[in-house]
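Thank you all for coming this morning. I would like to walk you slowly through one structure, so please take a moment to look at the display before I go on.

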Amino acid sequence: MTDYGHELIFGSFLTPDARRPEQVVALAKLCEQVGLDLATFQDHPYQPNFLDTWTLMSYLAAATSRIRLSGNVLNLPLRQPVVLARSVASLDRLSGGRVELGLGAGAFWEAIEANGGRRLTAGQAVDALDEAIRIIREVWAADQRGGVRVDGEHYRVHGAKRGPAPAHDVGIWVGAYKPRMLRLVGRAADGWLPSLAYLPKGAAELPALNALVDEGAEAAGRDPRAVRRLLNVNGRFTATGSDFLVGPPAQWVEEVAGLALDHGVSGFVLGADDPTAFQLFAQEVAPAVRELVAAERAEPGTRAAAVRQQREVVEAGAAPALAVRPTPDPGVRLTDHGRWDESTRPVAPPAPAGQTYTPHQQAVGAHLVDVHDHLRQELGQVRDLLEQVERGVVSAGEARGVLNRMTMRQNNWTLGAYCAAYCTVVTQHHGLEDNSIFPYLRRADSGLAPVLDRLEEEHVVIHDVVESVDRALVDLIRDPDDFTALRRAVDVLTDTLLSHLSYEEQQIVEPLARYGFYAGQV
């Protein structure tokens, strides 16, 4: 058993799919909202179906406020070390110290060579990574005198200026599997970041691989505990257990805690593109694992009792009531839009008597509220931006200067781009419900039909409201001094959307917890 004592972190491993960029961004924001510590992205610069990882991370650094970001792992052969060091430091400073450096020596050499990189042997790749880490650390050492000088076989830097330094001690986490590379991790890196799926014998291989990292650290005079051990994991949340990390959250807690206490893993990065999986991982698995590991560290030998207690809670049955609370209607209206009569809205049939809900079902029901909270938050940002631009119009009208006029027009275009993007998200959300979720719920419970019919009718109305926002934006571009139509359109969108989201949650959060969003989810 090996526990290196690091604070536990939980993260996501997202696919940077260029065909669905809005999905990648939404998932990363969701990871922050549900409480994950880290969002990571694979880096294959030769893959045209992927977004460029560094560009994506830069975009997300501005779109988030708390979550840390990292490549998993960045492709060194196609990223020059000095430039990479300055890119990492710059983004770390801009984001308030939220960037880590996952780094890989390269693997797909045909693709690397086809895109301008050099093909290296396994031994050369180790040496090149060693040289690159030295260069990166030298560039970050902005307080030292003189330029950076590393005369390596693969990278030669003769007098490069130092800096900028990152805002915090950026961790260099290396993806590695072979003995020479693992010893390099122990000697020169801050963390080891392999994927469990690439270990043929699974977690059983970790002790021998950890020993190689420890060996490298000790040979370099380092404490092996200085090297954090992270792990990319895959799995599925299911009602019953069938394999490692395939089962209910309680099973995940026991197995993830075992990875921490038995194998020294302190960073768990879940490879998935499923919002519900991230919510369960962050809100059910992570807190319980932290509690279990902290108890064992404080009083060794308590883990078995804690695991038994958790199993007893699970076996005792599901929660007697649904803990998810639909968001209440704000009640206040900004307009007299008259788009529908709220008094005619149908009501969903009640849940069956004695209905209980597992933790997984609770999380599925809560997911709709989480998605809606994101829409409500962004609607607030649209309104805030509208007010800012209006204040700019007033000051520009006083100055009447050409420069202010150009700035104001630029702000108006920014507002237009933001509103258009937000309206697209709303439309896509409703399209998913109409084409997939609602038909499934109709089949699961025919008593929901009147409610689902009404929700679909309101989607059509909101689509018309969204189009009125678009028309108002066009008018604003023609006459940038008149915000009347746009203000009215955004107010109507606010009234209709907030009312609709609240009604939808009140009627279908419980059925979603009972049936899921799709067959087999619960």
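Phe10, Phe237, Trp252, Phe268 and Phe281 form one aromatic cluster, and I should say at once that what you are looking at is a predicted model. Within that cluster, let us look at Trp252 and Phe281, both of which are buried. In general, a pair of aromatic rings is described by the distance of the centres and the angle of the planes. For the rings of Trp252 and Phe281, the centres are 6.1 Å apart and the planes stand at 70 degrees, so this pair is edge-to-face. The pair also links distant parts of the chain, since Trp252 belongs to helix 8, residues 249-263, while Phe281 sits in helix 9, and the two are 29 residues apart.

How many aromatic pairs are there by this rule? The count comes to six, and another of them joins Tyr46 and Phe108, whose ring centres are 6.3 Å apart with planes at 65 degrees, so that this pair, too, is edge-to-face. Tyr46 is found in the loop between strand 2 and helix 2, and Phe108 in the loop between strand 5 and helix 4, so the pair ties together parts that lie 62 residues apart in sequence. Are these two residues buried or exposed? Tyr46 has a relative accessibility of 16%, and therefore counts as buried, whereas Phe108, with a relative accessible area of 47%, is partly exposed.

There is also a charge to point out beside a ring: Arg229 lies over the face of Tyr4, at 3.9 Å from the ring centre.

Let me turn now to helix 2, which covers residues 53-63 and whose buried residues are Thr53, Trp54, Leu56, Met57, Leu60 and Ala61. If you look down the axis of helix 2, these buried residues fall within an arc of 155 degrees, so they line one face of the helix. On the other side of helix 2, Thr55, Tyr59 and Ala62 are exposed. What covers the buried residues includes helix 1, helix 3, strand 2 and strand 5.

Finally, the nonpolar cores. The largest has 98 residues, of which Phe41, Leu101 and Leu103 touch the most other members, and helix 9, residues 275-298, contributes the largest share, eleven residues. Apart from this core lies another, of 23 residues, among them Val364, Leu368, Val369 and Leu512. Returning to Leu103, its contacts more than four places away in sequence include Leu84, Ile133 and Trp173.

How values were computed
Residues numbered from 1 in each chain as written. Predicted model: local features only at pLDDT ≥ 70, side-chain atom pairs only at ≥ 80, totals over all residues. Heavy atoms only, no water. Buried < 20%, exposed > 50% of the residue type's maximum accessible area, 1.4 Å probe, protein only. Helix = DSSP H or I, 4+ residues; strand = E, 2+ residues; numbered from the N terminus. Arc of directions from axis to C-beta. Contact = heavy atoms within 4.5 Å. Core = buried A, V, L, I, M, F, W, Y, C linked by side-chain atoms within 4.5 Å. Phe/Tyr/Trp six-rings, centres within 6.5 Å; stacked < 30°, edge-to-face > 60°. Lys NZ or Arg CZ within 6 Å of the ring centre and 35° of its normal.
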